[in-house]
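Let's take a walk through a protein together. Have a look at the sequence and the model, and then we will go through them step by step.

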Amino acid sequence: MKAYLAELVGTFVLVMGGVGSAVLAGSHIGFMGVAFAFGLSLLAMVYAIGPISGCHVNPAVTLGLFLAGKFPASRIPGYWIAQILGALLAAAVIYVIACGNQDFSLAAGFGSDGYGDRSPDHYSMGAAFVSETVMTAFLVLTVLGATDDKAPVGFAGLAIGLVLTLIHLVSIPVDNTSVNPARSIGPALFAGTGAIEQLWLFIVAPLLGAAIAAGLYAALRTSETTITASEGMQALPTEQIERTMF
């Protein structure tokens, strides 16, 4: 139960930090600022809840870890529900705060993802689908590799947080960047019909990207040992000893 709660909290923080920065501060910090907000939110959560739940905070990551043999199928529904609830709660809090500004309007998109007229730079549906698939594969492959038994233990958060920042720097102009169905579902339910009608792409493409990443990871890795994502995010033994001293 604690793992599910951790996923809810972690996804809440990711959406609050990332989407919240776009909705509440986007005009001040721009695309680059939003990209770093997403990356820093995930980096922080990797270290805060990684040892508890593995810090998936993303249905696509959960699927990728399952397909790679690092996560049991029985826990997928609970993780997905917790992630979506966390995103919805964050979107609700962002909405309440945003309503405190008299100029706020849901017509601006509320940080939701979209293509065509709803794309920041009016990219097509096909372009958005390819972008979401490739970028999610990039994210999930990084998660799988950074938590591999041969990876430097304790540093997964840096790689994962930085790659999410990079992904947003590349793809925000395309479709506001999803690579995370939960992140897309939360704001879309507030943004209205247009966002909901396009929501399918930001569920299907990231899950497809996760499957591709799992297949690529299986083809690339050579170790016979498989560890869980949460084990891969643990601190080094020397760091654990140091922490008990304070």
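Among the contacts in the protein chain with a separation of 6 or more, what percentage comes from residues 24 or more positions apart? The answer is 79%. Keep in mind, as you turn the picture around, that this is a predicted model.

Let's begin with the overall layout. The protein chain holds ten helices and zero strands. If you follow the sequence from start to end, the pattern you read is α-α-α-α-α-α-α-α-α-α. The chain has 246 residues, and 49% of them count as buried. Its accessible surface comes to about 11000 Å², and carbon and sulfur atoms make up 69% of that area.

Now let's zoom in on one residue. Valine 61 sits in helix α2, which covers residues 59-67. Is valine 61 buried or exposed? Valine 61 counts as buried because its relative accessibility is 5%, and the cut-off for buried is under 20%. Who are its contact partners? Leaving aside residues up to four places away in sequence, valine 61 touches His56, Leu139, Val140 and Val143. There is also a link to a distant part of the sequence to look for: valine 61 and proline 206 are 145 residues apart along the chain, yet their C-alpha atoms are separated by 9.0 Å.

Next, let's move to the surface. Here you can find a nonpolar patch formed by Met32, Phe36, Leu40, Phe138, Leu166, Leu169 and Val170, which together have about 650 Å² of accessible area. Two elements each give two or more residues to this patch: α1 (2-53) and α5 (156-175). Leucine 40, one of the patch residues, is found in helix α1. Leucine 40 has a relative accessible area of 54%, so this residue counts as exposed, given that exposed means over 50%.

Finally, let's turn to the cysteines and their possible bonds. A disulfide is a covalent bond between the sulfur atoms of two cysteines. How many disulfides does a search of the whole structure find? The search finds zero. Two cysteines to look up in the model are cysteine 55 and cysteine 99. Cysteine 55 counts as buried because its relative accessibility is 5%. Cysteine 99, with a relative accessible area of 41%, is partly exposed, since that label covers values between the cut-offs of 20% and 50%.

Notes
Residues are numbered from 1 along each chain as its sequence is written. This is a predicted model: local features need pLDDT of at least 70, side-chain atom pairs count only at pLDDT 80 or more; totals for chains, interfaces and linings use all residues. Side-chain values use heavy atoms; hydrogens and water are left out. Patches are made of residues with over 30% relative accessible area and no salt bridge: like charges are joined within 9 Å, nonpolar side chains (Val, Leu, Ile, Met, Phe, Trp, Tyr) within 5 Å. Accessible areas come from the Shrake-Rupley method with a 1.4 Å probe; for residues, only the protein chains shown count as cover. A salt bridge is a side-chain nitrogen of Lys or Arg within 4 Å of a carboxyl oxygen of Asp or Glu. Helices (H or I, at least four residues) and strands (E, at least two) are DSSP runs, numbered from the N terminus. Buried means under 20% relative accessible area, exposed over 50%, partly exposed in between (1.4 Å probe, protein chains only). Contact means heavy atoms within 4.5 Å. A disulfide is a pair of cysteine sulfur atoms within 2.5 Å.
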